[in-house]
Structure formats: structure tokens, C-alpha cells
Amino acid sequence: MGTGVPASEQTSCAKGDPQASCPENGTEAVQVTDCPIPEDSQPQHEQGYSSAEDSGQLMASYEGKAKGYQVPPFGWRICLAHEFAEKRKPFNANDISLSNLIKHLGMGLRYLQWWYRKTQVEKKKPFIDLINSVPLRQIYGCPLGGIGGGTITRGWRGQFCRWQLNPGMYQHQTVIANQFTVCLRRRGQTVYQQVLSVERPSVLRSWNWGLCGYFAFYHALYPRAWTVYQLPGQNVTLTCRQITPILPHDYQDSSLPVGVFVWDVENEGDEALEVSIMFSMRNGLGGEDDAPGGLWNEPFCLERDGETVQGLLLHHPTPPNPYTMAVAARLSADTTVTHLTAFDPDSAGQQVWQDLLLDGQLDSLTGKSLPSQKGVGIAGAVCVSGKLPPRGRQRLEFSLAWDMPRIMFGAKGRVYYRRYTRFFGPDGDAAPALSHYALSHYADWEEKISAWQSPVLEDRSLPAWYKSALFNELYFLADGGTVWLEVPEDSLPEALVGSMGQLRPLLQEYGRFAYLEGQEYRMYNTYDVHFYASFALVMLWPKLELSLQYDMALATLREDLTQRRFLMSGVTAPVKRRNVIPHDVGDPDDEPWLRVNAYEIHDTGDWKDLNLKFVLQVYRDYYLTGDQCFLRDMWPVCLAVMESEMKFDKDHDGLIENGGYADQTYDGWVTTGPSAYCGGLWLAAVAVMVQMAALCGAQEAQNKFSSILSRGQEAYDRLLWNGRYYNYDCSSQPQSYSIMSDQCAGQWFLRASGLGEGDSEVFPTQQVVRALQTIFEFNVQAFAGGAMGAVNGMQPRGVPDTSSVQSDEVWVGVVYGLAATMIQEGLTWEGFRTAEGCYRTVWERLGLAFQTPEAYCQRRVFRSLAYMRPLSIWAMQLALQQQQQHIKASGPISKQGAGLCTRPKHGPKEAMANPSPE
């Protein structure tokens with residue numbers, strides 16, 4: 001290993017042996033730990049998902065005593081030695097039943113033809129690749145980077161492993177050279193040097209790998225994360241705190257492509273200590289983008305406002321989106337910053353390892369490196385050193401910044417500038433200033449993060465798992481392939497803008513925002529899914545939600561009559577019709593906004609839910625923001641899309657009918673005639689149109705929609721209500737009587753918008769509550785022992801509906817929305833119980849942290865990792881806040897907090913320990 005210790009003398013670090021021996025014969029005697037996993041420590045299958053404790057089996061392997069420096073009590077915590085017992089596979093054709101396979105045979109053949117043309121002829125990536133799904137990797141942690149500037153995910157074991165620098169395009173690749181390494185020196189001699197990684201790679205073999213994971217743990221509470229390392233035999237604890245500027249209602253710092261690593265080193269011994277942390281980083285990822293060569297590094301130093309930052313710039317000029325990465329550290333009165341400009345990340349790494357081993361510092365040669373040669377990699381490193389007295393603590397601060405100001409999407413047709421260029425310039429030379437700003441402002445960011453999160457974290461009536469889920473699921477707002485772009489003056493067509501007075505000033509002030517349906521489902525602002533996820537955006541960055549809505553309104557008024565053959569039906573139809581909400585605003589591998597509807601499976605111009613979801617979101621956004629100009633701008637668009645929707649009410653009974661195919665967000669689940677889901681959304685949208693008409697002084701429209709609502713309510717109740725719940729649809733098939741978990745979606749949005757009860761009641765409250773109780777009894781409690789959330793469809797005889805590929809799935813985002821609906825209707829205990837099953841399944845059992853999928857089944861498979869819809873957990877928080885506001889307005893009836901329960905009469909945290917209802 002090049003550490004000076006013969007392999008035969010390397011010490012082993014077994015579980016239960018934190019005091020491994022450490023020879024002290026000068027700089028050549030450096031402790032090497034080798035950490036096998038003992039047989040008796042293999043993790044057992046995790047049980048007890050109803051427990052309110054948030055660590056459980058994830059920390060069972062932890063043998064250390066260190067708790068770390070200022071690590072919060074709430075969040076997602078896991079020992080670095082943990083291994084997940086359950087290994088699932090992505091959903092594929094082998095998982096489809098024979099009957100469903102026969103139903104979709106034509107679609108499968110058309111998809112294979114399309115996939116071949118896309119990948120082999122056009123040399124592009126499919127917007128949904130059903131053949132090459134992203135495999136299971138149970139490794140991800142909090143992503144670095146603000147909103148819309150690209151993201152870099154650091155795994156919970158410390159690896160830099162998921163990259164989204166080119167907009168919307170992901171590379172799932174662990175870059176081995178990207179590491180933190182610690183060097184400890186006593187009495188002028190190096191006594192311990194260790195890469196803080198449990199990996200044992202085939203490159204950089206001179207480095208001391210194989211950190212003992214039993215004495216380290218990771219703790220995530222997005223946008224921050226902590227990793228605590230108890231160094232065996234050294235009486236030293238390291239706490240690395242990772243910070244990203246995700247700041248609600250902040251439209252500047254939240255856009256910055258930066259992350260900060262603050263290392264707090266605690267010397268628990270009686271001897272003075274010198275400590276160095278080295279941060280090494282490869283220029284590029286070592287893939288085809290690097291292969292041509294021409295990459296180069298250079299040191300920099302920036303002094304401003306009394307703060308000095310030193311580091312390395314890693315220049316990556318590869319087109320079409322060149323960037324510069326900055327690895328930097330803050331220089332203080334009691335720290336030293338050194339660097340190594342270049343080394344070969346694919347070599348044994350002897351040069352850099354021995355350089356650090358010698359004196360705990362790096363060479364710090366001046367000048368630029370030579371450009372890398374074709375096929376040869378280049379990396380650099382920055383080191384911060386400081387001294388600790390006995391029982392003392394030292395802080396060492398690093399930043400990682402990347403400056404890719406000018407971007408082009410896959411079609412390379414237009415140039416865009418990222419949001420942060422408004423504050424740091426568009427010239428590609430901002431990496432030093434970004435680094436300096438991050439290291440100078442992270443303390444302010446942390447104060448704002450704490451002020452935002454504390455009311456939830458300190459609410460004792462809320463269970464610990466919910467506090468983790470609420471904040472950690474927010475990762476997708478930044479790490480959803482997200483872009484936040486400046487809007488050029490000439491990019492907004494005057495003919496369409498004219499009727500919307502606030503569109504131009506809002507887009508030019510706050511920019512254009514887009515995020516993917518999922519990291520595997522590569523379509524921007526997929527609107528039927530954003531319906532669920534939008535609660536996070538409108539509650540935390542409402543101007544971005546309004547910006548997205550204006551963009552959607554613009555796209556609605558446009559048309560693209562290019563003919564396309566759709567994969568499910570084989571029918572040819574226009575890509576986009578006027579006055580119909582688009583499915584999405586495009587594929588980042590093409591030209592988003594210019595070419596919408598990247599989705600090619602169905603002709604969504606005939607989908608029944610998209611127009612309705614626009615109307616419902618417009619009113620919800622108005623209700624939560626109070627923006628009357630926005631409402632008036634959207635009113636004509638709402639009228640237009642509702643007029644388009646009217647054609648689906650073929651018998652003029654005031655209720656739309658589904659078309660006998662999967663014509664809504666459940667795009668693999670056929671719906672025929674009046675249905676619980678789309679019929680409920682329709683009635684809610686009509687009710688909202690009545691409210692908007694009144695606010696806009698449109699009496700004729702108000703009368704029209706009031707009449708439709710009255711007739712539609714009668715038809716909906718007569719055709720679908722069966723005394724216990726609303727039937728799935730009105731077909732002659734057995735699945736018509738399925739219990740759909742999402743049947744109350746219309747009521748959910750009405751209540752979120754201050755409607756749905758009293759004078760504005762659309763669905764009788766008793767029926768809504770009865771339906772939710774039935775869903776809880778069948779879809780939740782009778783499914784997987786009540787421990788996995790709510791299955792989409794359940795037959796009345798108590799078995800999942802297997803009539804489609806989606807009816808027997810659990811959709812995490814739908815479950816969180818269902819839980820919010822339960823809370824709205826006073827079934828708070830049931831709501832928390834329902835949502836808890838999803839959190840514990842995804843985050844604790846399946847190892848899918850920071851990649852929450854769209855769906856999983858009871859056994860074997862998951863589908864579509866890292867998906868937009870689970871952001872709907874913020875609807876639960878809105879429901880709790882509205883519940884509290886209602887209680888305050890009604891007078892004091894309880895001393896409980898935001899998690900107040902009405903059944904049973906204790907908070908959800910206590911309810912988890914007392915699961916039996918009264």
C-alpha cells in the first residue's frame with residue numbers, strides 16, 4: 001500500500017475492537033486498518049416498521065461511542081457498515097403477467113422499433129429506457145448543489161457517485177479519486193493516515209483504503225448531512241458536515257452550484273495533535289467526455305472582505321457545455337492550506353500519498369498543469385492543516401463549486417444561461433468567487449435552514465420518521481435534473497404574452513424552472529405528476545411555481561401539428577393541439593420548451609386529467625399566494641382548457657367519461673366511462689371554475705359551471721358511489737369495483753384550496769370519510785400487513801387488483817397525497833400510519849434513500865428510481881398547518897402541535913406505539 005507498513009503487519013479492525021494497535025516508529029509506522037465483516041454481524045431482515053424510532057436496523061452495526069459534533073437528533077441515520085438484506089430489481093418485461101403481456105404486445109413491438117431507431121440510428125438516449133433501467137445501488141446520500149445549477153450526489157459511505165452537470169442527463173458513476181483523507185501527526189511524526197472510504201479499489205493502491213465502517217455513521221437532514229468517524233486507537237472523532245444552500249423563499253443563493261464541507265475534529269486524548277484533511281478530486285468523471293484530453297488544473301487564491309480562500313481550479317473545456325470545478329478551502333489564522341496541482345488518478349497514487357505522509361501537507365507548486373493527454377486522466381488535491389491542544393477541537397472548511405454558466409440541451413439549438421449567472425456573471429470565470437462566497441456565507445445559510453426546519457423538528461407530536469421524510473424527500477427539487485434559467489427578452493412571443501400581463505415581468509425576474517418527471521423518466525415538468533409534487537414548490541418557492549404555470553399556459557396556447565405515431569395505440573396524431581395542457585415541456589436531450597410532449601406512449605391530447613389538474617393548481621396557487629394578477633392572467637387559459645375538456649362529457653350529464661384506455665396519469669391502467677379519479681378531478685375543477693368566475697366578475701361563466709356542477713354531482717354519486725367507496729369506473733369488467741387509493745384526489749385539492757366543505761362542499765363529507773376509511777382498511781391494512789403504504793387498487797374481497805401493470809403497485813407520491821387527504825378529513829392517525837409504511841419501505845428496508853421510486857410492488861421489484869411525485873409529502877405538511885390554523889380560529893381545544901390527532905386522541909408519534917383505533 002505504500003504506507004511503510006508490510007502487509008503482514010497491517011492490523012485488523014474487527015467489530016467490537018475500536019482500540020486497534022498503532023505502531024509508533026516514526027513516519028514509516030502508520031496505522032492501517034483492515035475491516036472484514038464478521039459473520040455474526042450480518043444484518044437481519046428488518047421488522048417493526050410501525051416503530052416511531054427512525055434508525056432501527058440501519059444503526060445496528062454501529063460499534064462506536066462517538067455521537068459527533070452537533071449532529072441533530074432527527075434525520076436518516078445509517079452505519080457505514082450496514083448492508084441491506086433485501087436486493088430488489090427494476091421492473092421489466094419479465095415481471096408482467098401473461099395476460100397483461102398479451103394486452104401490451106403491440107406496444108412492446110412498436111417500442112422495440114422506436115428504441116432501436118432512437119439509440120442506433122439517431123444516437124440519442126430514449127426518454128424512457130425500458131431495456132436499460134438504472135440498476136439498484138443502495139448508496140446514495142444528500143446531493144450537493146442548489147436549484148438548477150447541476151448536482152453532485154455524495155453517497156452515505158462518502159463516495160461521489162451520481163452526477164448531473166449537463167442539464168437533465170445523469171451519470172451514475174463513482175469516481176474513486178474523489179475522496180477525503182485524514183492525516184494525524186504527533187510530536188512531528190505522522191502516526192495515522194487513512195482514506196475516509198470503505199472502498200477497496202483497483203486504482204490508487206498506494207493509498208490506505210478500507211476504513212472500518214463499524215465506527216462511522218451518516219446522518220442526513222436535507223439540505224445538510226453529517227458523517228461521523230471515530231478513528232480506532234486515536235482518541236479522535238471527525239464530524240464532516242455537508243451544507244447546500246437550499247433556502248425557502250430565497251431566489252439567489254438557492255440557485256448556486258456549490259456545496260460546503262465543514263470538518264470538526266475533536267481531540268479526546270491528552271496529547272497535542274496536528275490534523276490534516278486532504279480533499280482530492282478528479283477533473284471530469286474518467287469517461288468519454290475526458291478521453292480527448294485537454295483538461296488542465298491551476299491553483300488560485302482569492303482574498304476579499306478579510307476572508308482568504310485558496311484552492312484548485314479544474315478546467316473541463318469539453319463542448320458543448322464546458323465547465324470549471326473549484327476545490328477550495330478557507331484560510332484562517334490557525335490553519336494552513338496547501339495543494340497538489342496534478343496527479344494521475346488511474347495510477348497507484350504513490351506521489352500524492354507520500355507527499356501528505358511526509359509532513360501532513362502538499363507540495364503547493366505554482367503555475368498551471370500541462371493539459372491532459374488523450375486517454376490520460378488528471379486530478380488534484382487541496383489540504384487543510386491545523387493543530388489541536390489536548391481535549392481540543394479544530395475546524396477545517398472546504399467548498400466544492402462548479403461553474404457551467406452557458407448550457408445547451410441535446411439538440412444544441414439554443415444557448416441558455418443558468419440563474420446563478422445573474423449574480424456571478426456568464427463568462428465561465430466565477431468558480432473562485434463562488435467558492436469564496438460559499439465559505440463566507442455558509443453560516444448564514446445554516447441559520448436560515450435551522451429557522452425553517454426547527455418548528456417541525458421541535459414539534460413533539462410529530463413522529464421522527466416524518467421529520468426525516470419531509471425534508472429528505474426535498475432532494476428532488478434540486479436533483480431532479482433541474483434547470484433554472486434566465487429568460488431572454490426575445491424568447492417570449494408577443495402574440496401569446498399580450499393577454500397575460502404578469503408573465504413577462506415574472507419570468508424575467510424569477511427565471512424559468514424545470515425538473516424531470518424522474519431521473520429515469522426524462523421529461524421536464526410532467527404535468528400530471530407535478531400535480532402531486534407541486535406542493536413543495538408552491539409552499540417553499542412560490543415564484544418558481546408561478547413561473548412554471550406561466551410556461552405551461554404559454555405551451556397550452558401553442559400547437560405542433562407534426563404527426564407522430566404513438567406507441568401504445570399505434571395511432572398517428574398531432575404532437576400537440578392548441579388549448580390542451582401538454583404532458584411535459586420536453587426532453588433535455590432534445591430542445592425543451594421549443595418542442596414539448598416528449599412523451600410518446602399515449603396521445604395525451606385526449607387524456608382526461610391534464611386540463612383539470614391545471615385548473616385545480618391555478619386556484620390552489622392563487623389561494624396560497626394571494627396573487628390576484630396571476631389568477632386573472634390564468635382565467636382565459638382555464639376557460640379554454642375547460643372548453644376542450646367539455647367534449648369528454650358525451651351524454652351531457654355534467655360528468656366526463658374516460659375513453660376505454662389508460663387516458664390519465666395511471667397510463668397503464670385502463671379506465672372506461674365515468675370514473676372515481678377523473679370524475680372527481682372534473683367535479684373539483686368545475687367547482688373551482690365557479691369560484692374563479694366569481695372572483696373575475698364573470699357571471700355568465702359562473703352560472704354555466706354552477707349548472708354543470710349540480711348535474712355532475714348527481715351523476716357522480718348515482719353512477720359511482722356504492723355505500724362504502726367510489727367504484728373505479730363504470731366498465732363491465734370486474735376491476736370496475738376496485739378500491740382505488742387515489743379516488744379522493746379532487747377532494748384533496750379542494751381542501752388544500754380552502755374549499756370542499758360547508759357552502760363549497762362538492763363531495764358529501766360523510767362519503768369522503770367513509771371512502772378514506774375503506775381505503776385504509778383494504779388498501780393499507782390488508783396489504784403487506786399494513787407496513788408498505790397503500791396499494792393503488794384493491795379488490796373488495798381483499799386482494800390487490802392485478803388487472804393492470806400499475807393497479808398492484810404502490811405509488812409513493814400518491815400515498816403521501818392520500819395521507820394528506822386523511823389528515824384534512826380528521827383521520828390524522830390513519831394518514832400518518834399510511835405514509836409511514838412508504839417511508840420505512842423505501843428508506844429503511846429497500847435502501848432507496850435519495851432515489852425514492854415512483855412505484856414498488858409487494859415483492860421483488862421497484863420502478864422508476866428518483867421520481868418527482870413523492871414531493872407530495874409537503875401536502876401532508878400543508879394539511880397539518882391548515883389543521884392548526886383551523887384549531888386556532890376555533891379556539892384552544894388542545895395543547896398538541898402540528899401533528900394533532902383527532903382519532904385516536906393522541907399525537908401520531910404516540911399513535912404509532914398504540915396502533916389500535918378507538
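This report walks through a predicted model, from its confidence scores to a helix pair, a small sheet and a few backbone details.

**Confidence**

Let's begin with how far the coordinates can be trusted. The protein chain has an average pLDDT of 91, and 91% of its residues score at least 70. Two stretches call for care. Over residues 17-53 the pLDDT is below 50, and this stretch has 107 contacts in the model beyond near neighbours in sequence. Residues 893-918 likewise stay under 50, with 71 contacts beyond four places in sequence. Where pLDDT is low, the predicted coordinates should not be read in detail.

**A pair of helices**

Now have a look at helix α14 (residues 676-695) and helix α15 (residues 699-720). Their axes come within 9 Å and cross at roughly 155°. Angles over 145 degrees count as roughly antiparallel, and α14 and α15 are therefore roughly antiparallel to each other. The crossing of α14 past α15 is left-handed.

If you would like to find the contact on screen, α14 contributes residues including Trp682, Leu683, Val686, Met689 and Val690. On the α15 side, the residues met include Phe705, Ile708, Leu709, Gly712 and Tyr716. Sorted by class, this contact of α14 with α15 has 15 nonpolar residues, six polar ones and no charged ones.

**A four-stranded sheet**

Next comes an open sheet of four strands, ordered β4-β34-β33-β32, in which the pairing is mixed. At its edges are β4 (89-90) and β32 (810-811), each of which pairs on one side only. Strands of a sheet pair through backbone hydrogen bonds, either parallel or antiparallel. Strand β33 (residues 855-856) and strand β34 (residues 861-863) run antiparallel and are joined by two bridges. One bridge to pick out is that of Tyr856, whose partner in β34 is Phe862.

**Backbone details in loops**

Most residues other than glycine have a negative phi, and most peptide bonds are trans. Against that background, these two cis peptide bonds deserve a glance:

| Cis peptide bond | Omega |
|---|---|
| Tyr222 to Pro223 | about 15° |
| Pro319 to Pro320 | near 5° |

Where do you find these prolines? Pro223 lies in the loop between β11 (216-221) and β12 (224-231), while Pro320 sits in the loop between β17 (307-316) and β18 (323-331).

Asn579 is another residue to check: its phi is near 65°, a positive value in a residue other than glycine. You can locate Asn579 in the loop that runs between β27 (572-576) and α12 (610-625).

Notes. Residues numbered from 1 in each chain as written. Predicted model: local features only at pLDDT ≥ 70, side-chain atom pairs only at ≥ 80, totals over all residues. Heavy atoms only, no water. Axes fitted to C-alpha atoms, helices over the stretch in contact; angles between N-to-C directions. Parallel < 35°, antiparallel > 145°, perpendicular 65-115°, else oblique. Left-handed = near helix turned anticlockwise from the far one by under 90°. Contact = heavy atoms within 4.5 Å. Nonpolar A, V, L, I, M, F, W, Y, C, P; charged D, E, K, R; others polar. Pairing = 2+ DSSP bridges. pLDDT = per-residue confidence, 0-100.
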